[in-house]
Amino acid sequence: MILESIEIANFMCYAGSNKFEFTEGINVIIGDNGYGKSKLFDAFYWVMYNECFDTNKKKFQKSPFLKKLIVSDKAISETKEGIITASVILTFKNLDKGNVYILERNYSVKKEDDILIEDIDSKEVVWQKDLHYLTAKEVTDSEQISRIKKTILPDNIKPYMWFQGEQVESIIDFNKTDTLTQAINVLSNITRYDHIKEISENLKESTTKEFNKKQRDLSSDKDKSSNLELQRNHILDRLKELQKQELQIQDTKATAEEKSEQLLNKISDAQKIKEVEAKRKSIEKNLEETQEEFTEEQKLLHKKLFTNKWVLKGTEKLFVEYSSLYNNYEQTKLKQELTKQARIESENQIMIELHARLPVDVPEPIHLENMLSNEHCLVCDREAPLGSDAYIKIKELLDRSKTKVKSIESEDSNIHDFGADLRKLYQNGLGLSHNIKNIDDDITSTFRRLRKLDKKRKTLTDDLNAIESEINSLIVDTALNVHQANDLLNQYNAQNELAKRAITQENSTANEILKRKQELQQLDIELGRLVSGEIPAYLIEKLKVVEEFNTLAHSTRRRVFDSLVKILETEANQHYQLMTQGNMSARGIIKLKELNSGKNYMPELTDENGNVLMQLNTGNIILIKLATIMAIISARQGSRDTDLYTLITDAPMSVFGEDYTIGFCKTVSNVYRQSIIMSKEFYKNMELRNQLLTNPDIKLGKVYLITPSIPENSRANRNQLSTNIQALN
Amino acid sequence: MTKEELLRSFLEDELFVEKSYLKEGEYKNYRWAAPSKHKLFEVLKTSIEGELSNESPQITEKKINQFLNKQT
């Protein structure tokens, strides 16, 4: 089936009437981003499925949800009153059967007084005509329309033939368990083997029942046989249960291993992020402690002026001076005391002598006072005027009665002796003088410690900055933040743990299965022994044949499926090598890895020694997937599927570099009889465009350049927007 | 895929050589119309015919049962 043309009228950005004609080979529609490539893909899809791809919602939307969005803004704007219809017509030609199918879909809006009345849904019209006749006949039967559409593109093939570039990821979804297996099922005859296997299963079950019944009927001890049969059925039930359990465990194990492997790609990054983060935290903690220590040390610096007597720094001279003064003072004081002592002793001597001449209080003091007041000595009856020797002598006699023997203590009793204070000062000074000697060392050591802490603080700050910068780079490079990295590691460990547990369970289940099978064998022997008559030969033979048939059906199905996988692998590698020819750095071999005990196969890239290549970028992954999709199609070459259906894809090359573009086109033109590719790669790169137009290895169909009718900066006003189509060959 | 191709894909199985139903490599030239050497061949052919003619599995199973129940 060849798609001959698409006619687009007033559909989205395709205002007015537009037509693309296609031929066999690779047909390319070139246009930059926003030039209408995706809308063209939508046009194809809309006719067939009444849906358009909503790039915002990343899903297809039916016409009733899109309504006026289907119709060109320019067409609406230019129509004052009346009906505006968007329509797309696809013309398919089936050269082998001599048929032409014309599929049209249209949607209308009505404009009345600037009010837009939208149709509820689109309308579909299908014509069929014989290649040799001019007139076509409208097909009205919905079932026939559905059959025609399935002839054009069966539903199970659709995902591999009509897709958006951004859908490639999901066509072969690494997270879905059976995508590739489904593809193999769809595009191969494997279901035939499945059906035959099912027949063999049923036959084995019914024949075994028939055989057991016969055994029972011929039993010499029917009760015992029934009993053994009962046990046998129990064991069989348990075996079924165990086998089911075993499959579940194998599934769990395979899924866990698969998830682990998927995570393995990023595990080294996550591990590194975790290690660096741990290092960062340790540095951060160390820095906090150092900062605290530094701050504390700075506070202590002020206290140490007093606690460590730093305030006395430079007072050594004062102490020396004071010592000297105090020494002089002590000596002078000692001398004065000695002199005073001598004087007192002399005075005391005189007093003692006086006592010897005249007793004390003779004459009595009262008479002596009279004598002084009268200035007349009554003892000798002579005048004693004030100030005369006689007067002084009388006064001495009076004073002598008041005078006692003096001591140095009594002499100074009324004067404060500062000697003790000065001594205390001296002694304090003496004590401090030892501290003063150590102050310099103490200050030096304190400041050395402060400098050391400051240096450590700065080094740690630098380390912290460096490690934070390292983490940021890692986050950018690996697209993992610290939280995600930890999650990933946890998930990885959890999956590994799950796989380990599954292995233990698997072993234990396998042991039990073995044990039950042995029990079953034993029961069969016992049941056989009880048979008294002869089991008919045909039945024995029948059982043998159906058992062989069952074994054969299982092993053949497995072998055929494995060989399909091998073919797919070979084909995928051929396409991958062809697509990556332009890039010398591309390497690796695609391997389809068996998962879930053959339930699924996933493509992975390995080196020549079979080691899995990790750290694949998105471009690589898409290339592998595209190669695998193409393999699914090309492996069916000869079965006519690839000849029958047209590949239509929008921007399939957008995720990988331009190095692969020509390789991709060569491969596509080899694999598909007809393909229609929307691409921006050839828009600016004229060299690439020339290669496309001239490369003899590319089976080229038609090439078109599409451009919007209005400049990019005016495109906000879509009322003027239409699309120019220019044929380049 | 023709019924002969489908049959050969089964006959390729090592079981046929192990049980001496076929000689090594004999499956390659085996014809659909060739006389069956063993009941297994007939069973296989019946199931293939049933599958290729979109026959219901129950009918195919019945045919096989009838064939194997013949007490020759």
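The following exercises, each with a worked solution, concern a predicted model of two or more protein chains, including chain A and chain B.

Because the model is predicted, local features are considered at pLDDT of at least 70 and side-chain atom pairs at pLDDT 80 or more, whereas totals for chains, interfaces and linings use all residues. Residues are numbered from 1 along each chain as its sequence is written, chains are lettered from A and ligands numbered from 1 in the order in which they are written, and side-chain values use heavy atoms, with hydrogens and water left out.

**Exercise 1. Two helices of chain A**

Determine which residues of helices α11(A) and α21(A) are buried, and on which side of each helix they lie.

Solution. Helices (H or I, at least four residues) and strands (E, at least two) are DSSP runs numbered from the N terminus, and buried means under 20% relative accessible area, exposed over 50%, and partly exposed in between, with a 1.4 Å probe and protein chains only.

Step 1. In helix α11 of chain A, which spans residues 365-374, the buried residues are A:Leu368, A:Met371 and A:Leu372. They lie on the same side of α11(A) because they cover an arc of only 95° around the axis, the arc being that of the directions from the helix axis to the C-beta atoms. On the other side of α11(A), the exposed residues are A:Ile366, A:Ser373 and A:Asn374, and just after the helix A:Glu375 adopts a positive phi of about 50°.

Step 2. In helix α21 of chain A (residues 686-694), A:Leu688, A:Arg689 and A:Leu692 are buried. Their arc around the axis is only 100°, which puts them on the same side of α21(A), while the face turned away from that buried side carries the exposed residues A:Glu687 and A:Thr694.

Step 3. The cover over the buried residues of α21(A) includes β3 (25-30), α19 (661-671), α20 (681-684) and β18 (700-708) of chain A. At the start of α21(A), a side-chain oxygen of A:Asn685 comes to within 3.3 Å of the backbone nitrogen of A:Glu687.

**Exercise 2. Salt bridges within chain A**

Identify the partners of A:Glu241, A:Arg449 and A:Asp562 in salt bridges, and place each pair in the chain.

Solution. A salt bridge is a side-chain nitrogen of Lys or Arg within 4 Å of a carboxyl oxygen of Asp or Glu, and a search of the whole structure finds 47 of them over all chains.

Step 1. A:Asp562 pairs with A:Arg558 in a salt bridge whose closest N and O atoms are 3.4 Å apart; these residues are separated by about one helical turn because they are four residues apart in helix α16 of chain A. A:Asp562 is partly exposed at a relative accessible area of 28%, and A:Arg558 is partly exposed at 37%.

Step 2. Salt bridges that share partners join A:Arg238, A:Glu241, A:Glu512, A:Arg516 and A:Glu519 into one network. Within it, A:Glu241 forms a salt bridge with A:Arg238, with 2.7 Å between the closest N and O atoms, and the two are three residues apart in helix α9 (residues 222-307) of chain A.

Step 3. The side chains of A:Arg449 and A:Glu293 form a salt bridge at 2.9 Å, N to O. This pair links distant parts of the chain, 156 residues apart, with A:Arg449 in helix α14 (residues 419-478) and A:Glu293 in helix α9 of chain A.

**Exercise 3. Chain B and its contact with chain A**

Describe chain B, and then characterise the side of chain A that touches it.

Solution. Step 1. Chain B has four helices and zero strands, and 43% of its 72 residues count as buried. Its C-alpha atoms fill a box of roughly 35 × 35 × 20 Å along the principal axes.

Step 2. Taking contact as heavy atoms within 4.5 Å, 25 residues of chain A are in contact with 28 residues of chain B. The area buried between the chains, that is, the accessible area (1.4 Å probe) lost on being put together and summed over both, is about 2,400 Å², of which carbon and sulfur atoms give 63%.

Step 3. Five salt bridges are counted between chain A and chain B, and A:Glu548 and B:Lys19 meet in a salt bridge at 3.7 Å, N to O. On the side of chain A that touches chain B, α8 (190-217) and α16 (537-579) each supply at least two residues, and the largest share, 15 residues, comes from α16(A).

Methods
Buried area = accessible area lost by both parts, 1.4 Å probe. Nonpolar A, V, L, I, M, F, W, Y, C, P; charged D, E, K, R; others polar. Polar contact = N/O pair within 3.5 Å; in protein donor to acceptor, adjacent residues only side chain to side chain.
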